[in-house]
Amino acid sequence: MGVRRGEEREFEVFVSYVEIYNEMIRDLLVPSSNYLELRDDPTKGVVIAGVTEFKAEATEQVMNLLFIGNKRRTTEATNANQTSSRSHAVLQIVVHSRPKTKNTEVETLVGKLSMIDLAGSERGTVTENRGMRLIEGAKINRSLLALANCINALGDKSKKGFFVPYRDSKLTRLLKDSLGGNCRTVMIANISPAASGFEETINTLKYANRAKNIKTKVLANKKLVALHIAEYKNIITDLRMEIEQLKSKLHEGNAVESVGSPIPSGGVKEEKKADCPCSVSYTHLTLPTIYSV
């Protein structure tokens, strides 16, 4: 996020976890969640309206939220897998960093980590799904195809500035910043060494290989936030407290010096030793005045 070492900053971490099931978004961190919609925010980009964001203070809290969400994820048994994922899961961790120094304008750094668990593509001849399972498989394949089209459009250098079909699926629309935005993207493919899964393995590797062609230029996400007039009172109060602390430390330092070596009031004593008669002079010092707002 571009934070320099030794710089005093405060951090806030927010966690959200959703699944995309049959082109509908559901919050996995809420026991009974309604389906959510995507909205375009002028500053944040594509956001999920009404999603729950938990503020995390430690790594253990993030892992606990991840385990809770995984238990609520939609899974069903098929001929190919006893616990087949019927949805795509998206875990997002957003970090806000701002300086501790109070000011009327605050420069905030924002970083977002998106971890996506994609449901595997399904072939009807292998899974032999019927009814609802067949509809789920069709929705999964449709969203994966939309994702592949976006990756192809972003990775093809000859089509620079070409239209990218993000709106073909809610998955690609949600991952717009993670694919072609100000980010770094990594795709991890899960394949099987079994001979029976040869075709699926080849298709998966070809699918993941296209992501290497995407080139992005990463810059620090900075935004300058001007505080409301009501916040000025808090800033003035904090500054007054700092001034009082500095005054108390200054008085304590003067008291320690006066105990170690007595100094006449109003100056610093200087003694001159030479062959001539001794002379004593006083040099007057004026301490800087600290004004409070």
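## Nonpolar cores

In this predicted model, the largest nonpolar core holds 25 residues, and those that touch the most other members are Val 18, Ile 25, Leu 38, Ile 48, Leu 147, Leu 174 and Leu 179. Two or more residues of this core are supplied by each of strand E1 (9–21), strand E3 (35–41), strand E4 (45–49), helix H3 (132–155) and helix H4 (170–174), and the largest share, seven residues, is that of H3.

Leu 179 illustrates the packing: when residues up to four places away in sequence are not counted, Leu 179 touches Leu 147, Cys 150, Ile 151, Leu 154, Tyr 166, Thr 185, Ile 214 and Thr 216. Apart from the largest core lies another one, of ten residues, which include Val 15, Leu 28, Leu 29 and Ala 89.

## Strand pairing from E1 to E3

Strands E1 and E2 (residues 24–27) run antiparallel and are joined by four bridges, with Glu 19 standing opposite Arg 26 in E2. The two strands form a hairpin that has two residues between them, and in its turn Asn 22 has a positive phi of about 55°.

E2 also pairs with E3 in the antiparallel sense, here over two bridges, and Ile 25 stands opposite Leu 36 in E3.

## Salt bridges

Ten salt bridges are found in the whole structure. In one of them Lys 55 is joined to Glu 12, with the closest N and O atoms 3.4 Å apart; because Lys 55 lies in strand E5 (residues 54–56) and Glu 12 in strand E1, this pair ties together parts that are 43 residues apart in sequence. Glu 12 also forms a salt bridge with Arg 98, where the closest N and O atoms are 3.4 Å apart, and this pair links distant parts of the chain, with Glu 12 in strand E1 and Arg 98 in strand E8, 86 residues apart. Glu 12, Lys 55 and Arg 98 are thus linked in a network of salt bridges. Each is partly exposed, with relative accessibilities of 24% for Glu 12, 43% for Lys 55 and 21% for Arg 98.

A further salt bridge joins Glu 37 to Lys 170, the closest N and O atoms being 3.8 Å apart; since Glu 37 lies in strand E3 and Lys 170 in helix H4, the pair ties together parts that are 133 residues apart in sequence. Glu 37 is partly exposed at 38%, as is Lys 170 at 22%.

## His 96 in strand E8

His 96 is found in strand E8 (residues 88–99) and is buried, with a relative accessible area of 17%. Leaving aside neighbours within four places in sequence, His 96 is in contact with Glu 10, Phe 11, Glu 12, Phe 14, Thr 108, Leu 109 and Val 110.

Conventions
Residues numbered from 1 in each chain as written. Predicted model: local features only at pLDDT ≥ 70, side-chain atom pairs only at ≥ 80, totals over all residues. Heavy atoms only, no water. Core = buried A, V, L, I, M, F, W, Y, C linked by side-chain atoms within 4.5 Å. Buried < 20%, exposed > 50% of the residue type's maximum accessible area, 1.4 Å probe, protein only. Contact = heavy atoms within 4.5 Å. Pairing = 2+ DSSP bridges. Salt bridge = Lys/Arg side-chain N within 4 Å of Asp/Glu carboxyl O.
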